[in-house]
Amino acid sequence: MKKAIIRVENLSKRFIIGHEVTERYTTLGDTFIRKTKRLLGRGDQKTGTVKEEFWALKDVSFEVGEGERIGIIGRNGAGKSTLLKLLGRITEPSAGRITINGRVASLLEVGTGFHPELSGRENIYLNGAVLGMARSEIKRKFDEIVTFAEIEKFLDTPVKRYSSGMYVRLAFAVAAHLEPEILIVDEVLAVGDAQFQKKCLGKMEDVSKNQGRTVLFVSHNMPTVLNLCDKCIYLEKGEIRRMGDTSDIVSEYIRQEGQVNVRWQPTNDKEGKGAAPYFTVTDFYLSSPSGKDCAVLEAEDNDKIDIVLEGEVDELDVRLNMGFVLKNEYGDDIIMSYSTDQPEKDWVRYEKGKVRMKTTIDTSILNEGKYYVYLLSSIHCVRMLLTPNDNICLGFEIIGNRGHSPYWFQRRPVILAPFIPWNNIQ
């Protein structure tokens, strides 16, 4: 077993949440009288602040070995960011113990650790000093940091004038190159562009595999977690639901959190209106042309599935375009389609008022497993803006292995598994 570089024992973090209790209707005079009574110690019980305890983490224990890459996943509010802040010593625990053997560099929020009035150059030296590095060590890494961050032209500009993307590029470059033993990275990388994200993930893999440093990585992007991390912690309501091999944990997370139906309908007007610009969704569902229940399909049946979208165009705009993205249970994008994919003469015509449209996918190419259909919307006529709506999601499952062969009894270890016939040739 690898030497433990992080040991967490019965870690808990409590927050006190205040709720203001007021009468339903108050005047300025009522407020003045109430405040005066409070100052005199004669406040009543109908108004004031009610305090409530909230445990962001409760009795969390685990160990991380030297050089391991640990993914931390869970729903919003599960305690992921709180855990990283405790490990980065940004906040103190309410109970429990953390033992860390090595220097920690944290990249948790845009702007964390930088002084806005200082230039990029000055902040590099400032961060190095915070990590306990000598000026000569920082100078040796300086050019490498600047090149990686791609901010040469803005090196002597105060960082308060940087865009969020520039900020993140410099912050990550500093954190990754100033040789901490432990690198902690939150979802902040999502601010950067796709090319830089890929560059960062490659660097994290390099510092872990080739330099023996430990990486803790929080993300909602499951394919990224699968590619980068060798182990994973699944947090649920402030507690560890499970820790282990990344592929097993991610699969359980997707199955647990992705409980969806073959039909989505808004429960209120606001929910339907928030689906896409200029468009209110009234119904979004899957159906089988053969009339079968399409929630679970046999792999050998080679069924087709209709994706039907109904709604109302609130404001007519030539850029309006609806579509979908199909993802597997690991979060990989499998198929993407928009209503303008076909020749222009066959485009769906959006007119103000009610709209009903349909497209069909052939499930014969899909592997065994669960699949999720997310609604997409675009309001740009040149470059499609992919904006999957996480709240509007349909799901179905393919069961049974692909193919009739008696030599294959399990799920194929690939993303797609189309049935491809073979023949003898003369």
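**Group meeting: a walk through the core and the sheet**

Let's start with one residue, leucine 170. Leaving out residues up to four places away in sequence, leucine 170 touches Phe114, Gly120, Ile124, Ile145, Ala149, Ile151, Val159 and Tyr162. Please keep in mind that what you see above is a predicted model.

Leucine 170 is also among the residues with the most contacts inside the largest nonpolar core, a group of 52 residues. The others on that list are Ile73, Ile124, Phe172, Leu183, Met204 and Phe217. Which helix gives this core its largest share? That is α5, with 9 residues. There is also a second, separate core of 29 residues, and Phe279, Phe284, Cys294 and Phe396 are included in it.

Now to the aromatic rings. The structure holds 5 aromatic pairs. In one of them, phenylalanine 114 and tyrosine 167 have ring centres 5.5 Å apart and planes at 25°, so this pair is stacked. The two partners come from distant parts of the chain, 53 residues apart: phenylalanine 114 is in the loop between β5 and α3 (120–130), while tyrosine 167 is in helix α5 (residues 164–177). Are these two residues buried or exposed? Phenylalanine 114 counts as buried because its relative accessibility is 9%, and tyrosine 167 is buried as well, with a relative accessible area of 11%.

Two charged side chains also sit over rings. Arginine 263 lies over the face of tyrosine 285, at 4.2 Å from the ring centre. Lysine 327 does the equivalent over tyrosine 374, at 6.0 Å from the ring centre.

On to the sheet. Follow the strands across the model and you get an open sheet of 6 strands, with mixed pairing and the order β5-β6-β7-β3-β8-β9. At the edges are β5 (104–107) and β9 (239–245), each of which pairs on one side only. From one strand to the next, the twist averages 15°.

Let's go in from the β5 edge. β5 pairs with β6 in the parallel sense, over 4 bridges, and alanine 105 has leucine 183 as its bridge partner in β6. You have met leucine 183 already, on the list of residues with the most contacts in the largest core. Strand β6 (residues 182–185) is covered on both faces: Ile182 and Ile184 are buried on one side, Leu183 and Val185 on the other. That fits a general pattern: side chains in a regular strand alternate between the two faces of the sheet. β6 then pairs with strand β7 (residues 214–218), again parallel and over 4 bridges, and there valine 185 stands opposite phenylalanine 217.

At the β9 edge, the sense is antiparallel: β8 (residues 231–236) pairs with β9 over 6 bridges. Isoleucine 233 has methionine 243 as its bridge partner in β9.

Two last residues, for contrast. Asparagine 227 is in helix α7 (residues 222–228), and it counts as exposed because its relative accessibility is 62%. Its C-alpha is 9.0 Å from that of leucine 201, which is 26 residues away in sequence. Aspartate 303 is in the loop between β12 (296–298) and β13 (304–313). With a relative accessibility of 10%, aspartate 303 counts as buried. What does aspartate 303 touch, not counting residues up to four places away in sequence? Its contacts are Ser290, Lys292, Leu297, Ile361, Asp362, Thr363 and Ser364.

Thanks, everyone, and over to you for discussion.

How values were computed: Residues numbered from 1 in each chain as written. Predicted model: local features only at pLDDT ≥ 70, side-chain atom pairs only at ≥ 80, totals over all residues. Heavy atoms only, no water. Helix = DSSP H or I, 4+ residues; strand = E, 2+ residues; numbered from the N terminus. Buried < 20%, exposed > 50% of the residue type's maximum accessible area, 1.4 Å probe, protein only. Contact = heavy atoms within 4.5 Å. Pairing = 2+ DSSP bridges. Axes fitted to C-alpha atoms, helices over the stretch in contact; angles between N-to-C directions. Phe/Tyr/Trp six-rings, centres within 6.5 Å; stacked < 30°, edge-to-face > 60°. Lys NZ or Arg CZ within 6 Å of the ring centre and 35° of its normal. Core = buried A, V, L, I, M, F, W, Y, C linked by side-chain atoms within 4.5 Å.
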